[in-house]
Each structure stands twice: as structure tokens, then as C-alpha cells.
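Me: I am new to this structure and would like a close look at a single part, with enough of the surroundings to make sense of what I see. Could you walk me through one of the helices and then widen the view?

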Number of protein chains: 2
Amino acid sequence: MPAAKSPDPARRSERSRRAILAAARELVSEVGYAKVSIEAIAARAGVGKQTIYRWWPSRGAVIFDSFLALSEGAEGMALPDTGDLAADLKLVMRATAAEFADPAFEAPIRALNAEIINDPELARQYHEKLAAPVDEAKRERLRSAQRAGQLPPDIDLDLFLEFLYGPFYQRWLTRGGPLTPEYADSLVDLTLRAFRA
Amino acid sequence: MPAAKSPDPARRSERSRRAILAAARELVSEVGYAKVSIEAIAARAGVGKQTIYRWWPSRGAVIFDSFLALSEGAEGMALPDTGDLAADLKLVMRATAAEFADPAFEAPIRALNAEIINDPELARQYHEKLAAPVDEAKRERLRSAQRAGQLPPDIDLDLFLEFLYGPFYQRWLTRGGPLTPEYADSLVDLTLRAFRA
């Protein structure tokens, strides 16, 4: 450890890093993924372009990391586990519905989804880096329910999650209807019915 | 009826109209919705720009109509009704999965979806003009099943369709997995289980 280094530069670096990622996310919401430039990110974050290039090799890399930061800490994250699977899943789905009612939260994710649809490589990165750790936390909650005898031991947990989230995703993306708490509850009830029978 | 007009001009018009719509769809698949110009559509269709402007007021209008043409005849369309709801829905979902495995079919719909996600007004038009007549045909098949006592009379038919198609839509759009015939069948089985219980 170099004795000359105070902790301040590290703290300043972390502040800059977070400012850059926040700026990238905000700009994607405002002007769309395709139109966000390194220059605009640097200006918004109050840093020089060279600071961005020191940490990220490309525009795409910094934008993708800005989304990744949204799920930071997802590794090791856990869903609530009170022993009541339906209640725990309803809590999660209602929270998700509330998050997606907030334009500041949903606009960058909407922009990312529009991009993923047209870009198979970005879709692959999305599944591997963004979705996978979150999905694993969800599967672990379902495994706990299986151990407690609340779900059959032989069901396909990924298919369970597709049923729970697919209708929500379609309704949200195509603006097919409101994401109400009652809607969130009905997704849980119907999915449990489909997989418990 | 003007006696001087032979049927030929009308046939020629209809040929031009179809060529224009096909060109618009092809170009959307090839270069993306945002980059398709009236000039390019005209060149591909072998007509003059003025021919396009005679029938459509704008670039957006001709592109949207090119998608609408895909579901032409959807009004009055009917799903198979052999009396076996599960078998009929599996036939439909397997056919849908097969269609989406064809890049020539799925690429323009993918481009349209990317556009819908970012454009609330286009989403509204999509629901009203493209999805509504097809959804009504699906609901009518479900009502027939209700009359035959194969589905409870009080279920939410739109929610039923969201469960049947939402997971498919999410898997397709995010390239989350293959759209196999077995997958199509499992969507039908699980949705029926959720709504019959």
C-alpha cells in the first residue's frame, strides 16, 4: 500500500464514477440510447472526457455499466422469506409495479429494452450480467418454498418466473394497461395456481 | 360507375399499393424504423414519390399501414374451434412460434415493437388498429369455451390472453430462450391450469 496516498483521491474517484454513471442513465432517458455521446456524459457529470476513457473503453461500455449499477448488490441479494410464498411474492411484485410507475426509474430501463430488442449481443450481456443475479435470487426464494412443501419439487423455476413477469413486461412495454397493486397480486395468484396444480 | 374506366387502372393501383407496403416492411427490417425514407420506399417499390403521397400523408402513416396489412382480414377472422380448447390453442401458439422463427416475418414486427416502446402514440395505434381485431378473435374462442363449460364464466379474458402471450412476448423480444413447439404447448397448459382452478 503506497503510504503517500491519502483516502481522498479514492473517494473522489468513486464520486466521479457514480456521477458518470448517473449522467449516462439520465441522458439515455432524455435523448435515447443511440444519441448519448461521451461528450454529453462528461459535461453532465462535470468531468473530462479523459476521465471516462480512463475507466471505460467505449461509449457502449459506460452506458451498459450505468444500467448494471442499478442492480449493484444484486449478487447476494435475497427476496423476503417470511414463510408465506404468496405474500412475499406479492410484496416484490407490488414494489416492482411501484418502481415502474416512477418515470425517473422506468425511462432508462425502457430505453435499454428498446436497444436490447434490436441488438442480440446487448441482449446476451443483459441476460448474463443484469438479469442473471436477480433471477438467481428469485429462484432461491422458490427453492425455499419447494423445501417447505409449498411448491412441487419438479417444476421449471425459470418458466415460473416467465409466467410471473412476462405479462407484466408485455403490459409495461406496450403500455397495454395500468400496473396496479391488484394487477401485481393477480399475477402472483395465477402463477401459483398454474404451478401448484 | 364511369363507363370509360377499365378495371386495369384499379388493378394497377392495387399492385402499386401492395408493392409500396411490402417495400416499407422490408426496409424497416433491413435498416430499422427510424431510417426508412419515402425515397427508399418509392425506389424499392418501383413507383414515384408522388404515388406514395397520393395515398399516405406521411412516412409514419405508410410504415404503420405496412404493418396493418399483415393483419388484413383479421376482422372477422376466427380461431380454430374443434371443441377441444387446449388442442386449438396449442395449434395457434405452435403456428405463432413457427412464424416467429422466420426472420422475414419477425424482423419487421421486432422493429415495430422497438418503436412502440418509445412512442406512446404509436403504442395506442398499435393496440387499437393492429392488436384489437386479433384479440377479439381470441376472446371469441374463449367465450365459446365458456359456453361449452370448459372455462369458468367469470374469468378475465384479457388477463387470460396476457398470461398466454406475455411469457412468449418477453422470451421472443429479449431472446431469452427458444420458441419451441413444446414451449408453446406448456404456455397453453399452464394458462389453462391457472384459469380453470
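**A close look at helix 5 of chain A**

Reply: Let us begin with a landmark: Arg124(A) sits in helix 7 of chain A. This is a predicted model, and in it Arg124(A) counts as partly exposed because its relative accessible area is 43%, between the 20% and 50% cut-offs. Its C-alpha atom is separated by 24 Å from that of Ile52(A), a residue 72 places away along the chain.

Now to the part itself. Helix 5 of chain A covers residues 85-100. With its 16 residues, helix 5 of chain A reaches 23 Å from the first C-alpha to the last, close to the 22 Å expected at 1.5 Å a residue. The buried residues of this helix are Leu85(A), Ala86(A), Asp88(A), Leu89(A), Val92(A), Met93(A), Thr96(A), Ala97(A) and Phe100(A). What covers them includes helix 6, helix 7, helix 8 and helix 9 of chain A, so the landmark's own helix is among the neighbours here.

Asp88(A) deserves a pause. It is one of the buried residues of helix 5 of chain A, and it counts as buried because its relative accessible area is 4%, under the 20% cut-off. Which residues does Asp88(A) touch, leaving aside its neighbours within four places in sequence? They are Pro80(A), Asp81(A), Thr82(A), Gly83(A) and Arg141(A).

Let us widen the view to the rest of chain A. The chain has nine helices and zero strands. Of its 197 residues, 45% count as buried, and its C-alpha atoms fill a box of roughly 60 × 45 × 30 Å along the principal axes. Among contacts between residues at least 6 apart in sequence, 63% join residues at least 24 apart.

Helix 1 of chain A, residues 8-31, can be read in the way we read helix 5. It has 24 residues and reaches 34 Å from its first C-alpha to its last, close to the 34 Å expected at 1.5 Å a residue. Ile20(A), Leu21(A), Ala23(A), Ala24(A), Arg25(A), Leu27(A) and Val28(A) are buried in helix 1 of chain A, and these buried residues pack against helix 2, helix 3, helix 4 and helix 6 of chain A. After helix 1 of chain A comes Gly32(A), with a positive phi near 90°. Further along, the unreviewed UniProt entry lists residues 37-56 of chain A as "DNA-binding region". That span is 75% helix and 0% strand, and its end C-alpha atoms lie 13 Å apart.

Finally, follow helix 8 of chain A, one of the helices covering helix 5, across to the other chain. Helix 8 of chain A packs with helix 9 of chain B at an angle of about 65°, their axes 12 Å apart, in a right-handed crossing. On the chain A side the contact is made by Leu159(A), Glu162(A) and Phe163(A), and on the chain B side by Tyr183(B), Ser186(B), Leu187(B), Leu190(B) and Thr191(B). By type, the residues of this contact divide into five nonpolar, two polar and one charged.

Notes:
Residues numbered from 1 in each chain as written. Chains lettered and ligands numbered in written order. Predicted model: local features only at pLDDT ≥ 70, side-chain atom pairs only at ≥ 80, totals over all residues. Heavy atoms only, no water. UniProt positions renumbered as here; feature names shortened; annotations may be inferred. Helix = DSSP H or I, 4+ residues; strand = E, 2+ residues; numbered from the N terminus. Expected span 1.5 Å × (residues − 1). Buried < 20%, exposed > 50% of the residue type's maximum accessible area, 1.4 Å probe, protein only. Contact = heavy atoms within 4.5 Å. Axes fitted to C-alpha atoms, helices over the stretch in contact; angles between N-to-C directions. Left-handed = near helix turned anticlockwise from the far one by under 90°. Nonpolar A, V, L, I, M, F, W, Y, C, P; charged D, E, K, R; others polar.
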